[in-house]
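Here's a quick tour for anyone opening this structure for the first time. Have a look at it below, then read on for the sheet and the sulfur links.

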Amino acid sequence: MKKLLTLTVLCALVFFDVQAQVGINILIPDSSAVLQLESTKKGLGLPRLTTPQRDSIYNPLKGLTIFNTQDSLIEYWNGECWLKTYEKHCYECDFTMTIDHQSDTLDRVVADSVFATITANHTNGNQPISLIYLSSVPQGINVYFSGNATIDSSGSVQIIVKADKCAAVGGNFPIIIEAFCGDQIHFVSYNVYVRPPIQITLPTDQTNYDLQSVNALPSSPPQFVLLTINNSVELHSTNHNTPAYTSGNIDASSLVCIVNNGAVLGRGGDGAGFSFNGNFYVAGGSPGDAGGNAMNLTSRTVLSNYGAIYGGGSGGSSVGF
């Protein structure tokens, strides 16, 4: 009798016209729902599959839904391909974007430019990926892509930040790189610190000017100096053995940019002497001293000359009568 009752129940379950609704934690599920779940502490756990496990499903049901553990996304089969919930069709562009490093220091003593490499890879679709950058940099700094800023499917492009060698600029400059393909947009950031020069201006005449000594610049590490000689200012020397200007005991790898709007004048050499024989002054027969140098550059120097630079003339030979 017990076996007959069990068989009857099973048959009823098999042949029952499944119009019933199922509610979990709810007595009366909504009339539009076949299954309604209610909880204030728990959620619905979809099957968790990796991409290879998902792709191994044979003849998946249209609308079959899983949670992809590799992408951390809910995906469903639309009858042609597995779609992420935000995608509209199988050919919608989807890609990843990375940058190899997010910050740099542009030290013009070392080099006048830095760069970072941006890589984009299609994970779906085959439309071109276009890149642009957003930045606000002052005059003297240039930002640009190396080559074509469009990636066909997968590839890399460099973004370059270059500073004019002697521009009086410095500070932090953030750059946003934007890549877009179809409806999808990705952003990465690149921050460049541009080392500013030590700015020195000469408003008055100078004698035996030693850049390193006068300004107490350290002899190491290498320095980056922008020296401006104002209009009508003259640099002189007290003797022909001393230049009117010298970089001094500064590291030879330093970068010194000189903007000369005035004059740098080497000392002239002294003339030769002569002797007196009791009746006449007689020429000594020797030449005068050589003229002094206007400039002695002991480090790398970029010179923008809008004024005058003259070495000293040599002294004349002695004469007699």
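Is Cys81 buried or exposed? Cys81 has a relative accessibility of 16%, and buried means under 20%, so Cys81 counts as buried. Keep in mind that this is a predicted model. Two topics follow: the disulfides of the chain, and a sheet of 4 strands.

**The disulfides at a glance**

- Searching the whole structure turns up 3 disulfides.
- If you count the bonded cysteines along the chain, the pattern reads 1-2, 3-5, 4-6.

**Cys81 and Cys90**

- Cys81 is joined to Cys90 by a disulfide, with 2.0 Å from S to S.
- The link of Cys81 and Cys90 is left-handed, at -100 degrees about the S-S bond.
- We've already met Cys81 as a buried residue, and its partner Cys90 counts as buried too, at 10% relative accessibility.

**Cys93 and Cys181**

- The sulfur atoms of Cys93 and Cys181 sit 2.0 Å apart, and the two residues form a disulfide.
- This link of Cys93 and Cys181 is right-handed, with 115 degrees about the S-S bond.
- Cys93 is found in the loop between β6 (82–84) and β7, while Cys181 belongs to strand β14 (residues 171–181), so the pair ties together parts that are 88 residues apart in sequence.
- Cys93 comes out at 3% relative accessibility, so it counts as buried.
- Cys181 is at 1% relative accessibility, and therefore counts as buried as well.

**Cys166 and Cys257**

- Cys166 forms a disulfide with Cys257, their sulfur atoms being 2.0 Å apart.
- At -75 degrees about the S-S bond, the link of Cys166 and Cys257 is left-handed.
- Here distant parts of the chain are linked: Cys166 is in the loop between β13 and β14, and Cys257 is in strand β22 (residues 255–260), 91 residues apart.
- What about exposure? Cys166 has 24% relative accessibility, so it counts as partly exposed, whereas Cys257 is buried, with a relative accessible area of 1%.

**The sheet: order and edges**

- Now for the strands: 4 of them form an open sheet, and the order is β7-β9-β13-β11.
- The pairing in this sheet is antiparallel.
- β7 (94–99) and β11 (141–145) are the edge strands, each with a single partner, so one side of each has no neighbour in the sheet.
- On average, neighbouring strands of this sheet are turned by 20 degrees against each other, direction ignored.
- As background, strands of a sheet pair through backbone hydrogen bonds, either parallel or antiparallel.

**The sheet: who pairs with whom**

- Strand β9 (residues 113–124) pairs with β13 in the antiparallel sense, over 9 bridges.
- On the β9 and β13 pairing, Val114 has Val161 as its bridge partner in β13.
- β11 also pairs with strand β13 (residues 154–163) in the antiparallel sense, over 5 bridges.
- Which residue of β13 is the bridge partner of Ile141? That's Ala163.
- Val143 has Val161 as its bridge partner in β13, so Val161 is a residue to find if you want to see β13 sitting between β9 and β11 in the order of the sheet.

Terms used
Residues numbered from 1 in each chain as written. Predicted model: local features only at pLDDT ≥ 70, side-chain atom pairs only at ≥ 80, totals over all residues. Heavy atoms only, no water. Pairing = 2+ DSSP bridges. Axes fitted to C-alpha atoms, helices over the stretch in contact; angles between N-to-C directions. Disulfide = S-S within 2.5 Å. Buried < 20%, exposed > 50% of the residue type's maximum accessible area, 1.4 Å probe, protein only.
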